[in-house]
Amino acid sequence: PIISLKRDKSGKILKILDNDETHFESLAESFIHIEITRQSEHELKNIKKTLEEILSEVHTCYNDSPLIRHRIIDIVNDIHPIPKGINFSEVSEVQEFTEWLQNGNFIFLGYREYNQRAQSKSRKLEMRESNGLGILRDKKVMLFNRVGKKHDPLSEVRTFMRHQNVILVTKTNRHSSVYRSSHMDAIGIKKFNDKGEIIGHRLFVGLFTPAAYHRPASLVPLLRRRLKMVMEKSGFSKSSHNGVALLNILETYPRDELFQIDNSTLLKTALGILHLEKRPRTSLFVRKDELGQFFSCLVFIPKERYTTEVRQRVQSTLSQELDGTVSAFYTQLDDRPLARCQIILRIRTGANPKYNEQKIIQRLNYETRSWKDNLYSSMATLYGEETAIELIERWSGRFENAYQDMYKPTQIIDDIQI
């Protein structure tokens, strides 16, 4: 409930006002009542500490939100002159994207700035500790911590500074405690001097809003440019069968991936998915993010085979092959013949796994095969395909789930012969 209260300077409640009562010193406050199971004294202290930290972050983010927005407004007029190697259309798109973020499409939770300081033969990257805002006011807050060994907190920023684009959108390894609990989005924008030279890096963190995910990608700055390039490079007419199908693949592509993926990888993956839809089968597309933090794996599985158990086996296989830990997964099931599961794997610090995508696909094919598929393979090996088809139609529906759990298909061939 929303209750109007009058408090003293220390926060102590002096008076609870009636609904129709007003006072110039009163505040409308939202009260949340939560009941939990019985906890130890130690655990209660931990819960209290965590709640206080969350409320403090909410308070800081709310108070600093106008200041963070001010910082991003400055960027619109800051990229002048146009840096070498970057065309005007890209800079214009970045400026429109920053305006789009402010129109209800992004919740700003933090801001931090990094400067490059010239040394004798190199440039040193430094965090500007005094101008952090929101959750990044605290210089100890790290966004890109890795699994495993000690990690250089500026490693990802240095990688981005070497990146050819003006802007980079990625995911952090830190969950948000404000708005919703998910990995925060990070938007990095390079800082230039009057000569068009890179002198620093601006980092905004927060969360894309539901509106940003539901708006057509063809209407979103940055994404519309990416989609246009893919459609042109594909060689398909927009009105052709393949053109319409490809555009649908792009519009339904995981939105976070669209923000993060590079153009050439998107073209290759989208065309691969288009071919899959013509001949549905288990397949995989792996992308390592630009900063080397995680793998994003798009796994396609025939819908009739997809179950929670299958997804868990797929996650285990990918963790082994890519030497990472699963941090998130997202499943899409619709009227198409293939289920799509996006699995995000965090890369261990210092790890640089070499992998063979085709080898992984072979493993996934095995892991996603149903009991009926394996029964057919066993029958085909013994009797040939024609007889196997006849036997599978006659017998496959007669073995209950409990029976399938107890016996492998290779073990029941004798039962069928009887």
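How many of the 15 residues of α2 are buried? The count is 11 of the 15, so helix α2 is largely enclosed by the rest of the structure. Buried means under 20% relative accessible area, exposed means over 50%, and partly exposed lies in between, with a 1.4 Å probe and protein chains only.

This is a predicted model, where local features need pLDDT of at least 70, side-chain atom pairs count only at pLDDT 80 or more, and totals for chains, interfaces and linings use all residues. Residues are numbered from 1 along each chain as its sequence is written, and side-chain values use heavy atoms, with hydrogens and water left out.

**Two helices**

Helices (H or I, at least four residues) and strands (E, at least two) are DSSP runs, numbered from the N terminus. The expected span of a helix is 1.5 Å times one less than its number of residues. The table sets this beside the distance between the end C-alpha atoms.

| Helix | Residues | Expected span | End C-alpha distance |
|---|---|---|---|
| α2 | 88–102 (15 residues) | 21 Å | 22 Å |
| α9 | 308–322 (15 residues) | 21 Å | 21 Å |

For α2, the distance agrees with the expected span. For α9, it agrees as well.

The buried residues of α2 include Val91, Val94, Phe97, Trp100 and Leu101. Just after α2 comes glycine 104, with a positive phi of about 80°.

In α9, the buried residues are Val310, Arg311, Val314, Gln315, Thr317, Leu318, Glu321 and Leu322. They cover an arc of only 165° around the axis, which puts them on the same side of α9. The arc is taken from the directions from the helix axis to the C-beta atoms. Exposed Glu309 and Gln320 sit on the face turned away from the buried side. The cover over the buried residues of α9 includes β10 (283–288), β11 (294–302), β12 (324–332), β13 (338–347) and α10 (357–367). Aspartate 323 follows α9 and has a positive phi, near 55°.

**An enclosed strand**

Why is β11 called largely enclosed? Nine of its nine residues are buried. On one side are Phe294, Ser296, Leu298, Phe300 and Pro302; on the other are Phe295, Cys297, Val299 and Ile301. In a regular strand, side chains alternate between the two faces of the sheet.

Two strands pair if DSSP finds at least two bridges between them. Six bridges join β10 to β11, and the two run antiparallel. Leucine 284 has valine 299 of β11 as its bridge partner. Five residues lie between the strands of this hairpin, and glycine 292 takes a positive phi near 70° there. Nine bridges join β11 to β13, again antiparallel. Here isoleucine 301 stands opposite alanine 339.

**Nonpolar cores**

A nonpolar core is a set of buried Ala, Val, Leu, Ile, Met, Phe, Trp, Tyr and Cys residues joined through side-chain atoms within 4.5 Å. The largest has 48 residues, and Phe97, Leu101, Ile187, Phe204 and Phe208 have the most contacts inside it. Helix α8 (residues 263–278) gives the most to this core, with six residues. A second, separate core of 21 residues includes Leu109, Tyr114, Leu136 and Leu168.

**Cysteines**

The structure holds zero disulfides. A disulfide is counted when two cysteine sulfur atoms lie within 2.5 Å. For cysteine 297, the closest cysteine sulfur is in cysteine 341, 9.7 Å away and too far for a bond. Cysteine 297 is buried, with a relative accessible area of 0%. Cysteine 61 is also buried, at 5%.

Technical notes: Contact means heavy atoms within 4.5 Å.
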